[in-house]
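Here are a few notes to read alongside the model. Keep the viewer open and take the points one at a time.

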Amino acid sequence: MPPALTPNAISNILEQTHGSQDFKPIVQVFDLKELKTKPDADDAAKRFRVLASDGGFAAQGLFGAELNAMCERGEITKFTVLRLREYIVNDLNGRRILIVMDAEVMDRYDAVIGQPRVWQPGTGTNASTGMNAGGMQQQRNAYGGAPAAQVEGYGSGGGNGANLATEPPRASGGGYGGGAPAAQGQYRRDGGAVARNEQPRSITPIHALNPYQNRWTIRARITTPLELRSYSNAKGEGKVLGFQVLDADGTEIKCVCFNDTAVRLAGELRQGLVYEISKGAIVTPRDPRYAIYQYEIKLDNHATFVPCPDAERDIKKMVYKFKKLSELDALNAGDMVDVIGIAYSVGDLTTIMKRDGSETSKRSVMIRDDSDTSIEFTLWDPHSVEIGGQIESLIASGEKPVIAVKSSRLGEFQGKNMGTVSSTMVEINPDSSEATRMRVWFDQGGADKTFNSLSGSGGGGGKGSGELLSFSTVKEIGEELVAKNEGVAYLSCCGIIKHIKLGAEGNFYPACPLLNGERTCQKKLRKDDSTGEWKCERHAGEKIEAADWRYMFSMVCMDHSDEYWVSVFGDKGDKIFGISAAEMKEIYDREPERYENMISDALFNDYSLRVKVAVDNYTDVPRAKGSLVEIERVNYVDMSKKLIGKIAK
């Protein structure tokens, strides 16, 4: 006896009388075929076409990429009986296509169940066929007569679906006894033009978007800054623009575009405005760790943005999904979180050098909330200057502001920390009920409560600036990193410079002053002896008037625990020697004795150092290596005040 299928399943699905959340029918795979794709297509691009049957009617459809593996392993084959657990229905050129994202194998059978025919709108349910879902009674056609002649293919010929019955042919045109006239659309099969549908386009909510739609329009507000960024990879250099949009239902999705499209949209669009957006591709996020939704919108030059000022009232300016700080300890590094809390301490604005040789600024803020937990929040440029400066001014005036943070990246090293990314939004003293509750809690006793800090001593994110001084020793941190053979730590310490290692041509180098994207190149120049001109590998053929001299050297520093090598770049050397690298180069060329004295004068002085410590493998042996983040002559008065403050706490 054949397995029982869900009666009228195909009609109910395609007429959308049941949603995919509460209706999980059992159907049979009438036919299954892999569609042809490009030879270099990835697994996600593969598609399996399916003909699903309930014994009375059959529907054409596609399996989502989630089911590719089951088809390839042979778990789903022709005549397999499935329970559809998640699916949607799309209209494609007037046809309704079933898209199956999740299914469960219920049974296997070796033949077609019943005598299914292709479902068409208005054909009714299986009850009109005079048969049950198992196909035990004889099926009748839509006119109550004998079964229609069986044909091959999906109702139109071909080798698949040989047992599929089709509707009897209908006469064209209207009138008595004739079939219904052909539905009007934009195209006809013979290619002739027909009247367009001039009805206003419908707005699709973001939560209804999926990769199988080819026509949609969403109405949403751009909520994040439109920051055009440069990138460089194996394929070359380019521009990228990423931003988030929010619709009236409160659902957010990320939009991303590249190169010419990115440049155009960055100039045309404005943060905070509402647009009707269409003609983009719905794709799976490239990096799920930083995704805000299961899909994202990839835009090209065909994408359209129509301003929609009339919808300003319907869509919120921002939607938060706040988590308590105490909950962050259970999350993974790289997760994106929204939090709200009290900013009670802020560090100094510092400049650090990035791996590509460019510089950026950062500032550390300590925040806490009513879960009696605190965490370090690192503001990177531009947040470090704009938002960080406002927080610093408020705290300096005696106020402890409420800050709401959206889309902050969670980090982990010796504890948890948070940091800004390009899409991070920070509001100071926002006008919201959550901010009011946080302010009342803090003012009515929360400020005096003890709390647990998720950010450990010496952890990533810039420990040690301002009130966050951490006097961890270089030896302790270095040994810990070497033992783990991975990780990065930032620490503050007091020490002296024991030795400065000079290169064959001093402690500086000729850097390229030309722009590489939006940043200064800073690549080392080579001088052509025959012409006397400077040459840069990155800017071949371009004329360089003069080199931009920059410090680059290594030195040995010491604290009470150990001595260690530290790399020094850029303006960090300005603070050690008190003059720029260009001035140092001139002294090196004209006054060699004075140059040597300046090197000696920099040794054996007390400095307050901020050092980035990382693991470096030298001859396959891990060792701790430091790079200088900040250096200042010790201000004994300020340091004593900070130590007294820490002792008092």
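**Notes for a first look**

1. Let us begin with the whole chain. Of its 649 residues, 43% are buried. Please keep in mind that this is a predicted model. The secondary structure amounts to 10 helices and 32 strands. Among contacts with a separation of 6 or more, 63% join residues that are 24 or more positions apart.

2. Next, the nonpolar interior. The largest nonpolar core has 29 residues, and those with the most contacts inside it are Ile497, Ile500, Met555, Ile576, Phe577, Met584 and Leu609. Both strands and helices contribute: strands S23 (488-501), S29, S30 (563-569), S31 (607-618) and S32 (621-633), together with helices H7 (572-577), H8 (581-590) and H9 (592-601), each supply at least two residues of this core.

3. Leu609 is a good place to zoom in. Which residues does Leu609 touch, not counting those up to four places away in sequence? They are Leu491, Ser492, Cys493, Gly495, Cys557, Tyr564, Leu628, Glu630 and Ile631.

4. Two of the helices that feed the core also pack against each other. H8 and H9 meet at an angle of about 130°, and their axes are 5 Å apart. Why is H8 called oblique to H9? An angle of about 130° is neither over 145 degrees, which would be roughly antiparallel, nor within the 65 to 115 range for roughly perpendicular, so H8 counts as oblique to H9. From H8 come Met584, Ile587, Tyr588 and Arg590, and they meet Pro592, Arg594, Tyr595, Met598 and Ile599 of H9. By type, the residues of this contact divide into 7 nonpolar, no polar and 2 charged.

5. Now the aromatic rings. The structure holds 14 aromatic pairs. One of them is formed by Tyr320 and Phe322, which are stacked, with 4.7 Å from centre to centre and 15° between the planes. Are these two residues buried, partly exposed or exposed? Tyr320 has a relative accessible area of 21%, so it is partly exposed. Phe322, with 26%, is partly exposed as well.

6. Trp534 and Trp549 offer another arrangement to look at. Their ring centres are 6.2 Å apart and their planes stand at 85°, so this pair is edge-to-face. The pair links distant parts of the chain, with Trp534 in strand S28 (residues 534-535) and Trp549 in strand S29 (residues 548-558), 15 residues apart. Trp534 counts as buried because its relative accessibility is 16%, and the cut-off for buried is under 20%. Ring pairs also join Phe508, Trp534, Trp549, Tyr588 and Tyr595 into a cluster.

7. Please turn to helix H4 (residues 386-396). Its buried residues include Ile387, Gly388, Gly389, Ile391 and Ile395. What covers them? The cover includes strands S15 (336-346), S17 (359-369), S18 (373-380), S19 (402-412) and S21 (425-428). Ala396, also in H4, is exposed, with 70% relative accessibility. The C-alpha atoms of Ala396 and Ser345 are 9.5 Å apart, although the two residues are 51 residues apart in sequence. After H4 comes Gly398, which has a positive phi near 100°.

8. The loop between S17 and S18 holds Asp370, a partly exposed residue at 30% relative accessibility. Leaving aside neighbours within four places in sequence, Asp370 is in contact with Lys324, Met438 and Trp441. Asp370 and Trp441 are 71 residues apart along the chain, and 6.9 Å separates their C-alpha atoms.

9. Last, some backbone details worth checking by eye. The peptide bond from Asp381 to Pro382 is cis, with omega near 5°, and Pro382 lies in the loop between S18 and H4. Lys279 is not a glycine, yet it has a positive phi of about 65°. It is found in the loop between strand S11 (274-278) and strand S12 (281-283) and is exposed, at 56% relative accessibility. Ser407, in strand S19, also has a positive phi, near 60°. At 6% relative accessibility, Ser407 counts as buried.

Methods. Residues are numbered from 1 along each chain as its sequence is written. This is a predicted model: local features need pLDDT of at least 70, side-chain atom pairs count only at pLDDT 80 or more; totals for chains, interfaces and linings use all residues. Side-chain values use heavy atoms; hydrogens and water are left out. Rings of Phe, Tyr and Trp (its six-membered ring) pair if their centres lie within 6.5 Å; planes under 30 degrees apart count as stacked, over 60 as edge-to-face and the rest as tilted. Buried means under 20% relative accessible area, exposed over 50%, partly exposed in between (1.4 Å probe, protein chains only). Helices (H or I, at least four residues) and strands (E, at least two) are DSSP runs, numbered from the N terminus. A nonpolar core is a set of buried Ala, Val, Leu, Ile, Met, Phe, Trp, Tyr and Cys residues joined through side-chain atoms within 4.5 Å. Contact means heavy atoms within 4.5 Å. Axes are lines fitted to C-alpha atoms, for helices over the stretch in contact, and angles run from 0 to 180 degrees between N-to-C directions. Angles under 35 degrees count as roughly parallel, over 145 as roughly antiparallel, 65 to 115 as roughly perpendicular and the rest as oblique. Ala, Val, Leu, Ile, Met, Phe, Trp, Tyr, Cys and Pro count as nonpolar, Asp, Glu, Lys and Arg as charged, and the others, Gly among them, as polar.
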